[in-house]
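Biologist: I should like a close look at a single part of this model, namely the surroundings of the bound ligands. Please describe those surroundings in detail and then place them in the context of the loops.

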Amino acid sequence: MGTEVAVDKEANGNLLDEKKVKVVFVLGGPGSGKGTQCANIVEHFGYTHLSAGDLLRAEIKSGSENGTMIQNMIKEGKIVPSEVTVKLLQRAMQESNNDKFLIDGFPRNEENRAAFENVTKIIPEFVLFFDCAEEEMERRLLNRNQGREDDNIDTIRKRFKVFVESSLPVVEHYESMGKVQKIDAGKPREEVFGAVKDIFSPIDEKANKNV
Ligand SMILES: Nc1ncnc2c1ncn2[C@@H]1O[C@H](COP(=O)(O)OP(=O)(O)OP(=O)(O)O)[C@@H](O)[C@H]1O
Ligand SMILES: Nc1ccn([C@@H]2O[C@H](COP(=O)(O)O)[C@@H](O)[C@H]2O)c(=O)n1
Ligand SMILES: [Mg+2]
């Protein structure tokens, strides 16, 4: 499927070997099940899962100079400046031996999208969009119990607002390019993965034929 493009060789200050990669963006509201289904896709289809939120949380833990700023943004449900997130994603792709990535929770706004395209020149193969009602997402987040500082009702409401105002327009952008694969994510996990499999299996079969 689609174009293969090279990651910027100069990211991270190192001149790295050119590496061809395939990227699928995984989008959906907070609690729609992106992380849960990415774990299934990794297991069945051999992708590497890069969650932008996880990379940002790891950056806070690492004691990075941006840590406090990132922590404050996450607590408020705001979107961290793209420069920071794109660098983290780019570094993770370069450090991986894999050539196919699920980028989860990114691009979250138009600035994210443009920065990623400008820096990496990567156009996603497609966008996997998990469509789920707010009521259900709220229930899932309040029951997640992973100790996330943003899983409280005040921050959850802010995250929903940011999702509708800033992230849905990105999905619409890719929709206008015919690149969105929409999944009904309100169903039980196994049913959602059934729908995910229907999308990835033909791609996997085609890739295996071309080996
Ligand atoms: N289909 C489902 N039905 C019920 N619960 C689910 C389903 N999928 C995921 N969950 C649960 O909902 C919670 C949120 O799921 P997950 O962490 O995968 O969402 P997410 O989209 O990655 O959220 P975020 O954007 O906040 O990172 C988790 O506790 C997960 O176990
Ligand atoms: N592109 C992104 C992705 C995430 N964030 C911040 O992290 C928070 C948690 O993200 P999850 O995907 O793990 O839910 C999110 O609310 C943002 O504050 C970001 O800034 N940019
Ligand atoms: Mg997640």
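Modeller: The account below takes the two ligands in turn and then passes to selected loop residues. The model is predicted, and every value given here is computed from it.

Ligand 2 may be taken as the starting point. Sixteen residues would be a long list to recite, but of the 16 residues around ligand 2, those that come nearest are Arg57, Lys78, Val80, Arg108 and Arg148. Three polar contacts to oxygen atoms of ligand 2 can be described individually. In the side chain of Arg57, an N or O atom is 2.9 Å from an oxygen atom of ligand 2. Arg148 likewise uses its side chain, a polar atom of which lies 3.0 Å from an oxygen atom of the ligand. Val80 contributes through its backbone instead, with an N or O atom 2.7 Å from an oxygen atom of ligand 2. On its own, ligand 2 has 460 Å² of accessible area, and the protein covers 96% of this.

The residues of this shell can also be sorted by chemical class and by the elements that supply them. By class, 7 of the residues around ligand 2 are nonpolar, 6 are charged and 3 are polar. Two helices, α2 (52–61) and α3 (67–75), each provide at least two residues of the shell. The helix that gives the most is α2, with 4 residues. As for the space itself, the one taken by ligand 2 is the largest pocket.

Ligand 1 can be described along the same lines. Its surroundings also comprise 16 residues, of which Lys34, Thr36, Arg144, Arg159 and Lys187 come nearest. Thr36 makes a side-chain contact, in which a polar atom lies 2.5 Å from an oxygen atom of ligand 1. Gly31 offers a polar backbone atom, and an oxygen atom of ligand 1 is 3.0 Å from it. At Lys187 the ligand partner is a nitrogen atom, which lies 2.8 Å from a backbone N or O atom of that residue. Ligand 1 has 630 Å² of accessible area on its own, of which the protein covers 83%.

The shell around ligand 1 has 7 charged, 6 polar and 3 nonpolar residues. At least two of its residues come from each of the helices α1 (34–45) and α6 (134–142). The largest share is that of α1, which supplies 3 residues. Ligand 1, too, sits in the largest pocket.

The loops complete the picture. Lys19 is found in the loop between β1 (5–6) and β2 (20–28). With a relative accessible area of 18%, Lys19 counts as buried, because the limit for that term is under 20%. Lys19 and Asn97 are 78 residues apart along the chain, and their C-alpha atoms are separated by 9.6 Å.

Asn98 lies in the loop between α4 (82–95) and β4 (100–104). This asparagine is buried as well, with a relative accessible area of 18%. Two polar contacts of the Asn98 side chain involve backbone atoms. One reaches the backbone oxygen of Gly46 at 2.8 Å, and another reaches the backbone nitrogen of Lys100 at 3.4 Å.

Some backbone geometry in the loops also deserves attention. Most residues other than glycine have a negative phi, and most peptide bonds are trans. The peptide bond from Phe106 to Pro107 is cis, with omega near -5°. Pro107 is found in the loop between β4 and α5 (110–120).

Lys121, in the loop between α5 and β5 (126–131), has a positive phi of about 65° although it is not a glycine. The residue is exposed, with a relative accessible area of 54%. Asn145 belongs to the loop between α6 and α7 (153–176). Its phi is near 60°, again a positive value in a residue other than glycine. Asn145 is exposed, with a relative accessible area of 73%; both Lys121 and Asn145 earn that term because it applies over 50%.

How values were computed: Residues are numbered from 1 along each chain as its sequence is written. Chains are lettered from A and ligands numbered from 1 in the order in which they are written. This is a predicted model: local features need pLDDT of at least 70, side-chain atom pairs count only at pLDDT 80 or more; totals for chains, interfaces and linings use all residues. Side-chain values use heavy atoms; hydrogens and water are left out. Buried means under 20% relative accessible area, exposed over 50%, partly exposed in between (1.4 Å probe, protein chains only). A residue is near a molecule or strand if one of its heavy atoms lies within 4 Å of it. A polar contact is a pair of N or O atoms within 3.5 Å; within protein, one must be able to donate a hydrogen and the other to accept it, and residues adjacent in sequence count only if both atoms are side-chain atoms. Accessible areas come from the Shrake-Rupley method with a 1.4 Å probe; for residues, only the protein chains shown count as cover. On a 1 Å grid over the protein atoms alone, a cavity is a set of points where a 1.4 Å probe fits but cannot get out, and a pocket is an open set with protein on both sides within 12 Å along at least five of seven lines; lining residues have an atom within 4 Å of a point. A molecule sits in a cavity or pocket if more than half of its atoms lie within 2 Å of its grid points. Ala, Val, Leu, Ile, Met, Phe, Trp, Tyr, Cys and Pro count as nonpolar, Asp, Glu, Lys and Arg as charged, and the others, Gly among them, as polar.
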